[in-house]
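Biologist: I have the sequence and the model open. Can you take me through the strands, the core and the chain contact?

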Amino acid sequence: MTEPPRSAVKPAPAIELIGISKRFGPVQANKDVALKVAAGSIHGIVGENGAGKSTLMSILYGFYEADSGEIRVSGTARKIRAPGEAIAAGIGMVHQHFMLVETLSVVENVVLGAEGGAWLKGGLARARAELARLSQEYGLVIDPDAIVGDLSVGLQQRVEILKALYRGADILILDEPTAVLTPPEANQLFCLLRALKAQGKTVILITHKLREIMNVTDRVSVMRRGEMVAHVKTAETSPATLAEAMVGRRVLLRVEKAPRQPGPAVLEIAGLSYVDGRDCETLKDVSLTLHAGEIVGIAGVAGNGQSELLEALAGLIQPSRGVIRFNGQILNAAERNPARLRKLGLMHIPEDRQKAGLVTAFSAAENAILGYHDDPAFGPGPFLSHAAIEAHARAAFAAYDVRPPDPALKTAKFSGGNQQKIVLAREIERAPKVLLVGQPTRGVDIGAIEFIHRRLIALRDAGVAILLVSVELEEVMALSDRILAMCGGRITGERAAETADERDLGLLMAGVSEAA
Amino acid sequence: MSAAPIDLPRWANAGLVPLVSVAAALLVAGLVVIGIGESPLEATTLLLRGALGSAEGVSFTLYYTTNFIFTGLAVAVAFHAGLFNIGGEGQATIAGIFVALACLWLAPLPGILLVPLAILAAAAGGALYGFIPGWLQATRGSHVVITTIMFNFIAATLSVYLLVEVIGKPGSMQAETPEFARHAILTPMHELLAPLGLKLPATPLNSAFLLALAALVAVWALIYRSRLGYAIRTVGANPRAAAYAGISPARIIMVAMAISGALAGGLAVNEVMGVQHRLLLDFTAGYGFVGIAVALMGRGHPVGVGLAALLFGVLYQGGAELSFDKPSITRDMVVVIGGVIILFAGALDGLFRRVVASGLRFGSAR
């Protein structure tokens, strides 16, 4: 009798978070966060690095337990202490880094952990039928017997989404889903998200790309320094307003730079080829020249030889043919090792900072000397001085706005953007002559992107030769003075940045050779 | 991704988790003791009194501790480089041969030269025998877990051959070398402390114990305060980042295995130079394997290794006394108790991390 009639109340939100707080040591990652996600909507969450988006979603998915606060799923309070409990509550998550077994087929990956008995056969047959139904319902076309390792990144992501749906997810969390996708793949993903919404599913989209937020979401929540600072309807806001809310001040979305003043050639590469362990020639006869005071951007779809080019120049792999000249001197094989090249002034910001650029189990201060641990400034003789290392990190973190500026904190606990700033600070402060930069802003959001871009431009203006590899064509076009397009391990064309246009570059990246 | 990594405060990770593990192990061991009809309380009292209740007991305990410190450190250093060196037995065996040869061949030298040279010989022998598997892994990709355990057999057989055919004591029925000269051995602790007015009973405890304490400090400085230690930890935690940083993982693997082997050689210093004063067959007596448990329990940190070594020292000495006083609790029973502790402290570590983590949450929620 005391309960109001059902029809009188609005339908309960799919997810309601009330007063969620989470602290990691000295870091307050989430502070009294409240969030309502309406059922059957696409809800975006944006925020700077370390704003606490990922922590919040990890709490929702049961990876972490909140220190305080309440989670309600469709109006019922739930305790979610492990991912299994989140799945049981109808929550599915697609991680930025896929959780797939590459050697298994699509259908085997989908049933993984939900085989439904000791015998695989029944489960697989059921999964096959269910996959066919899901494919039809949402237009998720995929070959159930394809081996996941052979699929493109976009299709692998589709498998992740199917996995969540197969487990009965009504609420889907996507963490930076487009970070690894090409623009057409991203558009397909958005179509899929709209189809899911049309079928009554709820989608939570975490991203740093405001264009995507504007494009696909119904409502947006903005986080800053662990707190929710705004909840708005997407239709009633603009990218500039959102960016301002995220950063807490006005931001420049465009890169401003003066015309370049190129100096002498610093790095000259002639006829560089590389044959990898599978006898595949991933670099074919690459020649390019890098001058002091210019940024040369490599445009290309991921996996077309850019990574190998960077690694060969950084001394991580030995090219099978070709000559590299540094300041006019030919570098022989013995000199092409990372330690020697660093001493010459060739620094490298690797594409995959977590796997190659950092030891995430180390403290931030220890990572700030990675590659420079032989520097006598860090301690006497064979010893390292903790005081010197920490003082160095403190200064570097202040200069590069690393948050939190705590040198003793484990590096894994920093957000992606702040990890990138640690790498950036380490390589840039050493006054490089040549800087190799791979994916400088992958998984990094607006405030930090602006910061990183400004730093790179400042370096170029100071006379550093920069080779930039990025899968974000927009970034390559905004930063570079000259753009080289790569396809299939070859350089397919060069454009001056002022005259380059996206369509033309797109053709070069696709391997359509230049009209003579 | 079945479970999120459990992050604990440092004090809980380093102190509480091992303590809870040991408590659980003692509980299970107590049940076993009840099972054979003895009182666990009485057994515990006897064990502790035997290990710590007298100067003699303490001396024996510290003698065992010396062995465990060396073998525990050996495993710990390799751990930091991401290597699982289970060849401590073999490395100590080779070190023992080197020590014996040094003590026998260099006998004309005065003690002040001979003793340090023999200790260096032990370190060199262990280092060489650790280096070879490291080299095989670095250049050929042969996994050290496989090679080190096979090298244990090679070392054991080699020492039989040498003791029987080459350097054995003529006319002896036992496989042993002649006894070393008086000036070639390490000073027993009761002689060392006598001038200070401390009267200790004669026990195997000798100055190698001081060497073990020095090794704890040296390994701490190496791992956490030196450039080489930094490189070792980088290779252990992320070989790709090491290559990026210009650190050669292959070189570090060989260096770390050599250091690990040299530390295992400390076992030979204590046993051969300090206690037996001659080379005996199988003097390693499984200490090398227990070192794995010591390193696991000590979290690879020298302070932890020291404490875990002391715990095993107490168990060994107290266990010996216990089986002497209570014939129904045989030596094998004591081995069972040790095994249970290894199981809980090493293999079931994750179990208690979860318990401790939820306990801490409960505590902080109140």
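Modeller: Two strands pair if DSSP finds at least two bridges between them. Keep in mind that this is a predicted model.

Biologist: In what order do the strands of the open sheet of four strands in chain A run?
Modeller: The pairing in this sheet is antiparallel. Strand 11 of chain A pairs with strand 12 over seven bridges. Five bridges join strand 11 of chain A to strand 14, and two bridges join strand 14 to strand 15 of chain A. The order is therefore 12-11-14-15.

Biologist: Why is one side of strand 12 and of strand 15 of chain A left without a neighbour in the sheet?
Modeller: Strand 12 (281-291) and strand 15 (329-330) of chain A each have a single partner strand, so both stand at the edges.

Biologist: Which helix of chain A packs on the sheet?
Modeller: The helix touches strand 11 (265-275), strand 12 and strand 14 of chain A. Its direction makes about 60° with that of strand 12 of chain A. The answer is helix 9, residues 306-313 of chain A.

Biologist: Which residue is the bridge partner of A:Ser273?
Modeller: Strand 11 and strand 14 of chain A run antiparallel. The partner of A:Ser273 lies in strand 14 of chain A. It is A:Arg321.

Biologist: Which residue stands opposite A:Ile269?
Modeller: Strands 11 and 12 of chain A pair in the antiparallel sense. Their hairpin has five residues between the strands, and A:Asp279 takes a positive phi near 60° there. Opposite A:Ile269, in strand 12 of chain A, stands A:Leu288.

Biologist: Which residue has a positive phi in the turn between strand 4 and strand 5 of chain A?
Modeller: Strand 4 (residues 68-73) of chain A pairs with strand 5 (residues 76-78) of chain A over three bridges, antiparallel. A:Val73 stands opposite A:Thr76. The hairpin leaves two residues between the strands, and the one with a phi of about 50° is A:Ser74.

Biologist: What stands opposite A:Glu16?
Modeller: Strand 1 (residues 15-24) of chain A runs antiparallel to strand 4 of chain A, with five bridges joining them. The partner of A:Glu16 is in strand 4 of chain A. It is A:Arg72.

Biologist: How many residues has the largest nonpolar core, and how many come from helix 11 of chain B?
Modeller: The residues with the most contacts inside the core are A:Leu60, B:Val99, B:Ala118 and B:Ala256. A:Leu60 touches several residues, among them A:Ile15, A:Ile71 and A:Ile173. The core has 261 residues. The largest share comes from helix 11 (residues 249-276) of chain B: 16 residues.

Biologist: How many residues of helix 3 of chain B are buried?
Modeller: Helix 3 of chain B covers residues 55-80 and reaches 36 Å, close to the 38 Å expected. Just after the helix, B:Gly82 takes a positive phi of about 80°. Helix 3 of chain B is mostly covered, with the buried count at 23 of 26.

Biologist: Which helix gives the largest share of the side of chain B that touches chain A?
Modeller: The contact takes 17 residues from chain B and 25 from chain A. On the chain B side, helix 9 (227-237) and helix 10 (239-244) of chain B each give two or more residues. By class, that side has ten nonpolar, four polar and three charged residues. The largest share, five residues, comes from helix 9 of chain B.

Methods
Residues numbered from 1 in each chain as written. Chains lettered and ligands numbered in written order. Predicted model: local features only at pLDDT ≥ 70, side-chain atom pairs only at ≥ 80, totals over all residues. Contact = placed C-beta atoms within 7 Å. Axes fitted to C-alpha atoms, helices over the stretch in contact; angles between N-to-C directions. Core = buried A, V, L, I, M, F, W, Y, C linked by C-beta atoms within 7 Å. Buried ≥ 20, exposed ≤ 12 C-beta atoms within 10 Å, placed from the backbone. Expected span 1.5 Å × (residues − 1). Nonpolar A, V, L, I, M, F, W, Y, C, P; charged D, E, K, R; others polar. Lists of a residue's contacts leave out its neighbours within four places in sequence.
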